[in-house]
Amino acid sequence: MEIRDKKEGEVAIIEPVGRIDTNTSGEFEDKIVEVMDRGETRFVVDLKEIDYISSAGLRVFLMAAKKLKSSGGSFVLCSMSDHIKEVFDISGFTPIFTITPDQASGAEAA
Amino acid sequence: MSAHQSIQIPNDRDQIDSVRKFFDQFGEENQLSEKVVHDIQMALDELLTNIVNYGYEDDGEHIIDVRFEVGGKNLKVEIVDDAKPYNMLEREDPDTTLSVEDKPIGGLGVYLVKQLMSHTEYFTKGNKNHFIMIKGLE
């Protein structure tokens, strides 16, 4: 899958494209771990170009949140579609992430 | 008005994507909403992955049949396979209220399917498993 990453000030911005499902969640996890290994602790994942996230994808988000929680970092999600928001609500994931409407507000919150 | 189509895939993880593409096309032809297509795509990913990864004890090829039917105000999806009988719907629902530290990694897939569909059902007939999902089109 295509996953872009860039740095805005002190914040690492990750922009995955397409679907985060069984087939692609491994690549997505590798990217997050790679950026963490660079020493980044403040993350924004921009979901603007994501069609759906299956439970295999949710697993990666939870893993990242756990790691950053214990190391005092931040993991912000932005530009989430209503469909994806509903999946986060049902899963009980909404309260454990900071979710913002767009990338600029995400970078501020991170 | 009713429309139905089906696709058969071997029990190979790489083939799950062909069901997704097939259903994208079906959704377009039947003017299904973005929300319905989203929820069904997710559910198919969850269920087919479970069947392919955990359903078979031999290394042989097995065919999984996925049927789509639009009738009245509902979309019906039926997955028929000859994996070992297992009712995913009987799995205990996860506790979604736990904090980030306490949340277990995993166990959400089937729960999401149950929550996103209007109706889910599992039964065996002969040596086949049938998993049925109904999604309201309102």
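**Helix packing, core and chain contact**

The crossing of α1(B) and α2(B) is right-handed. This comes from a predicted model, and the pair is a handy place to start. The axes of α1(B), residues 16-29, and α2(B) come within 10 Å and cross at roughly 155 degrees. Since angles over 145 degrees count as roughly antiparallel, that makes α1(B) roughly antiparallel to α2(B). On the α1(B) side, the contact is made by I16(B), V19(B), R20(B), F23(B), D24(B) and G27(B). Facing them from α2(B) are V37(B), I40(B), Q41(B), L44(B), D45(B), L48(B), T49(B) and V52(B). Sorted by type, the residues of this helix-helix contact come out as 8 nonpolar, 3 polar and 3 charged.

Between these two helices of chain B runs a loop, and Q31(B) is found in it. Q31(B) is not a glycine, yet its phi is positive, at about 50 degrees. With 9 C-beta neighbours inside 10 Å, Q31(B) counts as exposed, because the cut-off for that label is 12 or fewer.

Chain A has a residue with a positive phi too: S79(A), again not a glycine, sits at about 55 degrees. The loop that holds S79(A) links β6 (74-78) and α3 (82-91) of chain A. Here the surroundings are another story: S79(A) has 20 C-beta neighbours inside 10 Å and therefore counts as buried, as the label asks for 20 or more.

Next comes the core. The largest nonpolar core has 60 residues, and the members that touch the most others are V44(A), A43(B), L47(B) and L48(B). Helix α2 of chain B (residues 34-54) gives the most to this core, with 10 residues. L48(B) thus turns up twice, as one of those well-connected core members and as part of the α2(B) side of the contact with α1(B). As for A43(B), its partners, leaving aside residues up to four places away in sequence, are V113(B), L116(B), M117(B) and M133(B). In soluble globular proteins, nonpolar side chains tend to be buried together.

Finally, the two chains meet through 19 residues of chain B in contact with 19 residues of chain A. On the chain B side, α2 and α3 (109-116) each supply at least two residues. Helix α2(B) gives the most to that side, with 7 residues. The makeup of the chain B side is mixed, with 5 nonpolar, 8 polar and 6 charged residues. Helix α2(B) is thus the top contributor both to the largest nonpolar core and to the side of chain B that touches chain A.

Note on methods
Residues are numbered from 1 along each chain as its sequence is written. Chains are lettered from A and ligands numbered from 1 in the order in which they are written. This is a predicted model: local features need pLDDT of at least 70, side-chain atom pairs count only at pLDDT 80 or more; totals for chains, interfaces and linings use all residues. A nonpolar core is a set of buried Ala, Val, Leu, Ile, Met, Phe, Trp, Tyr and Cys residues joined through C-beta atoms within 7 Å. Helices (H or I, at least four residues) and strands (E, at least two) are DSSP runs, numbered from the N terminus. Two residues are in contact if their C-beta atoms, placed from the backbone, lie within 7 Å. Ala, Val, Leu, Ile, Met, Phe, Trp, Tyr, Cys and Pro count as nonpolar, Asp, Glu, Lys and Arg as charged, and the others, Gly among them, as polar. Axes are lines fitted to C-alpha atoms, for helices over the stretch in contact, and angles run from 0 to 180 degrees between N-to-C directions. Angles under 35 degrees count as roughly parallel, over 145 as roughly antiparallel, 65 to 115 as roughly perpendicular and the rest as oblique. A crossing is left-handed if the near helix is turned anticlockwise from the far one by less than a right angle, and right-handed if clockwise.
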